[in-house]
Amino acid sequence: MIRWIIVVFLALVLISWFTPLLQRLGFGKLPGDFRFRLFGREWFIPLTTTLLLSMVAAIVSKFI
């Protein structure tokens with residue numbers, strides 16, 4: 001259980017570090033990435049970006 005908590009924490013740290021770089025490359029602005037304002041807050045749901053990055057991670061892990 002503690003191992004999964006550590007993995008999730010490290011994944012979140014890596015995502016937060018790479019978010020500005022990925023936004024400069026165009027991720028987060030793909031068709032299927034939803035950005036809307038609701039209750040005075042801006043919400044962002046990156047469906048297409050998540051699928052694309054998941055496929056890349058699966059391909060990389062297959063070769064490792």
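**Figure 1. Helix H1 gives the most to the lining of the largest pocket, contributing 7 residues.** In this predicted model, the elements that each supply two or more residues to that lining are helix H1 (2-24), strand E2 (41-46) and helix H2 (47-63). The pocket has a volume of about 420 Å³.

**Figure 2. The residues around the centre of the largest pocket.** Of the 14 residues that line the pocket, Ile-15, Thr-19, Leu-22, Thr-49 and Leu-53 lie nearest its centre. Sorted by class, the lining is made up of 9 nonpolar and 5 polar residues, with no charged residues.

**Figure 3. Arg-35, Arg-37 and Glu-42 are linked in a network of salt bridges.** Side chains of opposite charge can pair when their charged atoms come close. A search of the whole structure finds 2 salt bridges. In one contact, the side chain of Arg-35 meets that of Glu-42 at 3.2 Å, N to O, and in another, the side chain of Arg-37 meets that of Glu-42 at 3.7 Å, N to O.

**Figure 4. Accessibility of the residues in the salt-bridge network.** Are the members of this network, Arg-35, Arg-37 and Glu-42, buried or exposed? Arg-35 has a relative accessibility of 49% and therefore counts as partly exposed, and Glu-42, with a relative accessible area of 44%, is likewise partly exposed. Arg-37 counts as exposed because its relative accessibility is 58%, and the cut-off for exposed is over 50%.

Technical notes: Residues are numbered from 1 along each chain as its sequence is written. This is a predicted model: local features need pLDDT of at least 70, side-chain atom pairs count only at pLDDT 80 or more; totals for chains, interfaces and linings use all residues. Side-chain values use heavy atoms; hydrogens and water are left out. On a 1 Å grid over the protein atoms alone, a cavity is a set of points where a 1.4 Å probe fits but cannot get out, and a pocket is an open set with protein on both sides within 12 Å along at least five of seven lines; lining residues have an atom within 4 Å of a point. Grid points are joined across faces, edges and corners, and a volume is the space filled by probe spheres set on the points. Helices (H or I, at least four residues) and strands (E, at least two) are DSSP runs, numbered from the N terminus. Ala, Val, Leu, Ile, Met, Phe, Trp, Tyr, Cys and Pro count as nonpolar, Asp, Glu, Lys and Arg as charged, and the others, Gly among them, as polar. A salt bridge is a side-chain nitrogen of Lys or Arg within 4 Å of a carboxyl oxygen of Asp or Glu. Buried means under 20% relative accessible area, exposed over 50%, partly exposed in between (1.4 Å probe, protein chains only).
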